[in-house]
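Biologist: Could you walk me through this one slowly? I would like to start with a single helix and then work outwards.

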2 protein chains.
Amino acid sequence: MALIVQKFGGTSVGDINRILAVAQRVIQEKNQGNQVVVVVSAMSGETNRLIKLAHQIAHPPDGHAERMAYSREMDMLLSTGERTTTALLAIALQAQNTASCSFTGRQVGIITDETHMNARINKITAERLKEALDKGIVPVVAGFQGINRASDVTTLGRGGSDLTAVALAAVLAADRCDIYTDVDGVYTADPNIVPTARKLTKISYEEMLEMASLGSKVLQHRSVQFAMKYQVPVCVRSSFTNNGGTLVTKEDAEMEHEVVSGVTCDKNQAKLTLVGVPDRPGIAAKIFSAIAEEKIVIDMIIQNIGQNGLTDLSFTLPTENAEHAQRALLNLTSETGVEEIKLTKNIAKVSIVGGGMRSHYGTAAKMFTTLASEGINIIMISTSEIKISCVVDAKYAELAVQVLHEAFDLGNLPTGGS
Amino acid sequence: MALIVQKFGGTSVGDINRILAVAQRVIQEKNQGNQVVVVVSAMSGETNRLIKLAHQIAHPPDGHAERMAYSREMDMLLSTGERTTTALLAIALQAQNTASCSFTGRQVGIITDETHMNARINKITAERLKEALDKGIVPVVAGFQGINRASDVTTLGRGGSDLTAVALAAVLAADRCDIYTDVDGVYTADPNIVPTARKLTKISYEEMLEMASLGSKVLQHRSVQFAMKYQVPVCVRSSFTNNGGTLVTKEDAEMEHEVVSGVTCDKNQAKLTLVGVPDRPGIAAKIFSAIAEEKIVIDMIIQNIGQNGLTDLSFTLPTENAEHAQRALLNLTSETGVEEIKLTKNIAKVSIVGGGMRSHYGTAAKMFTTLASEGINIIMISTSEIKISCVVDAKYAELAVQVLHEAFDLGNLPTGGS
């Protein structure tokens, strides 16, 4: 008997008929002799409906304390979406003679830090889950939420239900965590941009981690980190078909040993340039501490060679944080002596990812040459062991993905691959 | 500095503009130098929307265990409605520079028994409420909900938000509990039935208790009981006007000493008649124990004089419990020997209520005469110290209320009254 955690996203539980279909899928898994723990998102549209209601009253305020108070209320508000789905799915299962019980994040003991709207999980007790499983009851858990030490509801940030599912799978030592979504797996590129994109049957945690942080929206980045840390096999699959999906797992001999496994593109990027930064120790520290205090994660940083004791400093960050960061830095200009803070939004980050890069030379050169041959200028570059990212003008984003997919021959099955 | 609990019902928070208006009312009370605790219902329509979603999946099942499991899920589902309102109102207050914080039933320590969908409050700690008040924060509490010992969400039954408000007012020793609703007070009769009905400025707990249990929907019965027990002054008022409302309080010298203060009508009544009940000790106990086990509250009971060792037994109960009770009793027929169980739905209970009845004679006679003069047959009668109720054919309900209101001259201010 295997223990499977099944997670269903918003479109998978988008209306009553889909909830009934999900119930069938759960029962099917149970009838194969497996234990099942279900994690659900809010019904699609529900979270946006709630955000809209809140925004009709007030948008997030600027001040730190005010923002904290507002965020606490947003968590109270948004956490209702997942709860609704859990109750409805539990009722659907019960109606099919399958014992089931809904649980909130609190009830399964998901304890987080104090950061509202983007909390981190500190601990999971999962006691009531284990009790339910022992009694043959299918637990349906509200994704995306936990409670902090003050016993206030917190939410785990965008895609947080994936994290709930993977974290519960880790704590329960589940045999597999199935992430049901509206795509049937992880592709070599977004099929909307590259029609010849191919579904991968397996991908390593490391590769998936890079793809998730590079804008591939299939799995939330922190979920993949969590899965890798606790070695939870994750299967990304469609709740609308019976196709096999993509297994995210540790690297093994069977895995495709291609240099590049996928091309991704993230258009949700902005660039802030600080002009006239005094070129002396401590200034950069001051700048990035200010950003960190606002809990904003930045990505690439470039510092130009200084002239006359002044230099320019650029960094990229998610678009939604750009104005917030800009304001935080403007408050610092008297301290840092920075002359100007420029914000550029129309950029995109195009990346190639592949575990095989570790043992191959010339991948970067091939990428740069490919982009250059199309006249695409590279604004910034960053690399890791298994990825190379280039920031380009946003208007070239799709073209860049297409030519890179072609150049690395990703549309065809690798020789000897599975 | 007084401490006021303000409770706003579903129509008072029915849309964003109304929530903003409620925020203004809260701020107004606070600006008068008072501490305020707010209790809210779900936005009007929301509870029905959620019930409809659930019923699209499955209606409440018959079996006891199945019904318990279903009810637990309904509580999880319905409790989201009040939570949504708390967060939105807290955001509205914050946006008006009024420190505010939402709280669930659990967070303010409302501990109930295990009865889902109709739980009783066992204990309220209110610690976080006191902390918030000490810090000058306006707490906005989700009405209608608590948690049981297992830490599952429970709800307090129809009108449960009133109970939350009164119970919190009692625990906090509040100076007053204001129930804001869509009517501006308690009337001598339903103004939709009797155009000359008059608003009462004051009414005693005892009278209000009778009116609430007799179908006047202004205040939930259990809330009035709670208010009486803990001597919480309750003011029923409109959230759409600045009219004075009706104060529900202990009987005092100022109070109108009329024989009859109001006429009520409850059409949500059904009658079950057990035909051929063996006339021997223990049978009635068996019958009413079975009903009590299903947690159904019955109202009037009539047992006819027996013939041939058999008798007929009739009792009234809320319509929504009638079929459930009938099924429970049908399961008992082999034990009780009852021949038939008849269900009658088209009945209404018409009642007159007044604290002055205690010291007046002839009130019942006047009521019966008034009904008889219109040709209205009385099916059952029950009385208490301060009320007389008659069950009549449902088609006469409105007429009965109108003629009784007229007969007892309720449309005119009592001589010497306030």
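Modeller: This is a predicted model, and a good place to begin is H1(A), whose 16 residues should span 22 Å at 1.5 Å a residue; the end C-alpha atoms of H1(A) are 23 Å apart, which agrees.

Biologist: Which residues of H1(A) are buried?

Modeller: The buried residues of H1(A) are Ile19(A), Val22(A), Ala23(A) and Val26(A). Around the axis they cover an arc of only 105°, so they sit on the same side of H1(A).

Biologist: And what is on the face turned away from that buried side?

Modeller: That face of H1(A) carries the exposed residues Asn17(A), Gln24(A), Gln28(A) and Asn31(A).

Biologist: What do the buried residues of H1(A) pack against?

Modeller: Within chain A, they pack against strand E1 (3-8), strand E2 (35-40), H3 and strand E6 (138-142), and H2 of chain B joins these partners.

Biologist: Where does Ile27(A) fit in, and why does it count as partly exposed?

Modeller: Ile27(A) lies in helix H1 of chain A, which runs over residues 16-31. Ile27(A) has 18 C-beta neighbours inside 10 Å, and because a residue needs 20 or more to be buried and 12 or fewer to be exposed, Ile27(A) counts as partly exposed. Not counting residues up to four places away in sequence, Ile27(A) touches Gln96(A) and Thr98(A).

Biologist: What follows H1(A)?

Modeller: H1(A) is followed by Gly33(A), which has a positive phi, near 90°.

Biologist: You mentioned H3, so how many residues does H3(A) have, and how many of them are buried?

Modeller: Helix H3 of chain A, residues 64-95, has 32 residues and reaches 47 Å from its first C-alpha to its last, close to the expected 46 Å. H3(A) is mostly covered, with 24 of its 32 residues buried. After H3(A) comes Asn97(A), whose phi is positive, near 60°.

Biologist: Changing topic, which residues touch the most other members of the largest nonpolar core?

Modeller: That core has 122 residues, and those touching the most other members are Val38(A), Leu89(A), Val166(A), Leu168(A), Met208(A) and Ala400(A). Helix H5 of chain A, residues 160-171, gives the most to this core, with eight residues.

Biologist: What is Met208(A) in contact with?

Modeller: Leaving aside neighbours within four places in sequence, Met208(A) is in contact with Val186(A), Ile203(A), Leu219(A), Val224(A) and Val248(A). Apart from the largest core lies another one, of 118 residues, including Phe8(B), Ala119(B), Ile179(B) and Leu329(B).

Biologist: Now for the two chains: how many residues does each bring to the contact?

Modeller: Chain A and chain B each bring 29 residues to the contact. On the side of chain B that touches chain A, helix H1 (16-31), helix H2 (46-57) and helix H3 (64-95) each supply at least two residues, and the largest share, 17 residues, comes from H3(B). By class, that side of chain B has 18 nonpolar, eight polar and three charged residues.

Biologist: How can chain B be laid on chain A?

Modeller: A turn of 180° with a shift of 0.1 Å along the axis lays chain B on chain A with an RMSD of 0.2 Å, and the two copies are thus related as by a two-fold rotation axis. Among the residues of chain B, Thr80(B) comes closest to that axis, with its C-alpha at 2.6 Å.

Biologist: Why do you say the copies meet through the same surface?

Modeller: Because 100% of the interface residues of chain B are also interface residues in chain A, the copies meet through the same surface.

Definitions and conventions: Residues are numbered from 1 along each chain as its sequence is written. Chains are lettered from A and ligands numbered from 1 in the order in which they are written. This is a predicted model: local features need pLDDT of at least 70, side-chain atom pairs count only at pLDDT 80 or more; totals for chains, interfaces and linings use all residues. Two residues are in contact if their C-beta atoms, placed from the backbone, lie within 7 Å. Helices (H or I, at least four residues) and strands (E, at least two) are DSSP runs, numbered from the N terminus. Ala, Val, Leu, Ile, Met, Phe, Trp, Tyr, Cys and Pro count as nonpolar, Asp, Glu, Lys and Arg as charged, and the others, Gly among them, as polar. A nonpolar core is a set of buried Ala, Val, Leu, Ile, Met, Phe, Trp, Tyr and Cys residues joined through C-beta atoms within 7 Å. The expected span of a helix is 1.5 Å times one less than its number of residues. The arc is that of the directions from the helix axis to the C-beta atoms. Copies are superposed by least squares on the C-alpha atoms of residues with pLDDT of at least 70 in both.
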